[in-house]
Amino acid sequence: MTSKVPLLAAFAKDLYHCSDCNYCVDAVWAERGIDHVCPTLQHHSPLMSFSGRGYLAAARAWFEGQELDLDALSERVFTCTTCGNCEQICPIGLRPAAVGRALRGELLQRNVMPQPVRDLLRAMREDGNPNGGARSDRMAWQQARTGAAAEHVLYLPGCAAATAIPAEAQAAVELMAAAGYAVQTLGNDDTCCGAPLFELGDETTASSLIDALAEKVRAASTVVISGLECARSWQRLNDANLQPVTFNELIMTALSTQRLHLNPRATLPPRVFVLDSCQSRTALAPGRALRQLLTALGIATTPSVDTARFIVCCGAAGGMPQVEPAAADRMADARLLDAGADAVVVGADPRCVAHLRRARRDAGPRVLGLAEFLNTHFTHDQNR
Ligand code: SF4
Ligand code: SF4
């Protein structure tokens, strides 16, 4: 028999194996670096129905044919950052965050969603990004460059760097050029990879966006990206011939192979608080690489990379800033509080950097993207 909720049916195994252990609700385990799990429970509502366990329970009830109040359900499932910490912590490998996305997908198909989600989908359709900037302004930060470098890279800044913190995109281009690369972009053909739509539960449109972007970059020998949520779109595409490198990785390699030389401008900040992203917690590679890079430049970092595995989301992801902006700000404030007022906060993920900077207002530590930080505190050899 065909299921009336096919997106949920794909997770049938998860729906019937939850042991109700509550790890994804309230786990705290200092020795493992776990200090709570779910940002929505901590900063929006403590009700279990807003948790991964709650999403599994609601999905099972719907899958079994129970009549649910879909408006109430949509308020709950669209108030999730999709950070995946509940999956990271689940001792039996269930996928409550993915089930939450499937619930979103079922609701979208029935046109049931909170107004901010409707507005966000319209912004994606009309502007091609979740930040509200006009499509025609996406690459307005670009400056014409001259130079005769032989090795080309194609740079895809992603929506956050392109439209929310274009200074990060500009600084990234400058550093890549200093490392001897001829940096190209897609210009006005640059488009979203679909990550925001994937998180909202519209996997079909998200797939079509990454497919379209992939066709535009297929001829490039090296593709460099800034957004870590974009990195996951490329992973989902799963095309062995199309695996972009992150800006973080490229700069690390450029430094270790002496392509790029950075010299401190003046006294360096005594400490950098690394802004780990929930987009990179599984492999931990970006968080580790960022710490290695800063350490190689003589800068002490906190916190330890071990804490990144279970980091509680800063509120930038999953549509949270648009759907529940006050809760998203509280999530950001919590991370800024962890950093301490004397730290400089540096992130490799422009979406998190843009969100914390917006939430910081005039108080709290300075927040910089990696490229901005390097350009602010170091000079580099130009035109190698
Ligand atoms: S994905 Fe993140 S915000 Fe959503 S339920 Fe899981 S831990 Fe909470
Ligand atoms: S989803 Fe996993 S962590 Fe959460 S209550 Fe069920 S078994 Fe426990």
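1. Let's start with helix 5, since nine of its twelve residues are buried, so the helix is largely enclosed by the rest of the structure. Keep in mind as you read on that this is a predicted model. The buried residues of helix 5 are G52, R53, G54, Y55, L56, A58, A59, A61 and W62.

2. What does the covering of those buried residues? A whole set of helices takes part, including helix 1 (6–9), helix 2 (12–15) and helix 3 (23–26). Helix 6 (70–77), helix 7 (85–89) and helix 8 (96–109) also belong to what covers the buried residues of helix 5.

3. On geometry, helix 5 runs over residues 52–63 and spans 16 Å from first C-alpha to last, close to the 16 Å expected at 1.5 Å a residue. After helix 5 comes G65, with a positive phi near 95 degrees.

4. Now to ligand 1. The space that ligand 1 takes up is the largest cavity. Two elements give two or more residues each to the shell around ligand 1, namely helix 4 (39–43) and helix 5. In total 14 residues surround ligand 1, and the closest are C38, C80, C83, G84 and C86. Sorted by type, the shell around ligand 1 has eight nonpolar residues, six polar ones and no charged ones.

5. Ligand 2 is worth a look as well, as an occupant of the second largest cavity. Here the elements giving two or more residues to the shell are helix 3 and helix 5. Which residues are around ligand 2? You will find C18, S19, D20, C21, N22, Y23, C24, R53, L56, C90, P91 and I92. This shell divides into eight nonpolar, two polar and two charged residues. Two names in it, R53 and L56, also turn up among the buried residues of helix 5.

6. D20 deserves its own point. Besides being one of the residues around ligand 2, D20 has a positive phi, near 55 degrees, without being a glycine. For context, most residues other than glycine have a negative phi. D20 lies in the loop between helix 2 and helix 3. Is D20 buried or partly exposed? Its relative accessible area is 45%, so D20 counts as partly exposed.

7. H36 is another non-glycine residue with a positive phi, about 70 degrees in this case. You can find H36 in the loop that runs between strand 2 (34–35) and helix 4. H36 has a relative accessibility of 32% and therefore counts as partly exposed. Helix 4, at one end of that loop, is also one of the elements giving two or more residues to the shell around ligand 1.

8. Further along the chain, check the peptide bond between T302 and P303, which is cis, with omega about -10 degrees. As a reminder, most peptide bonds are trans. P303 is placed in the loop between strand 9 (300–302) and helix 17 (320–323).

9. Last, a polar side chain to inspect: N248, which is part of helix 15 (residues 247–256). Is N248 buried or exposed? With a relative accessible area of 5%, under the 20% cut-off, N248 is buried. Leaving aside residues up to four places away in sequence, N248 touches P286, A289, L290, L293, A348 and L370. Each of these six contacts is a proline, an alanine or a leucine, and those residue types count as nonpolar.

Technical notes. Residues numbered from 1 in each chain as written. Chains lettered and ligands numbered in written order. Predicted model: local features only at pLDDT ≥ 70, side-chain atom pairs only at ≥ 80, totals over all residues. Heavy atoms only, no water. Helix = DSSP H or I, 4+ residues; strand = E, 2+ residues; numbered from the N terminus. Expected span 1.5 Å × (residues − 1). Buried < 20%, exposed > 50% of the residue type's maximum accessible area, 1.4 Å probe, protein only. Contact = heavy atoms within 4.5 Å. Near = heavy atom within 4 Å. 1 Å grid on protein atoms, 1.4 Å probe; cavity = no way out; pocket = protein on both sides within 12 Å on 5 of 7 lines; lining within 4 Å. Sits in = over half its atoms within 2 Å of the grid points.
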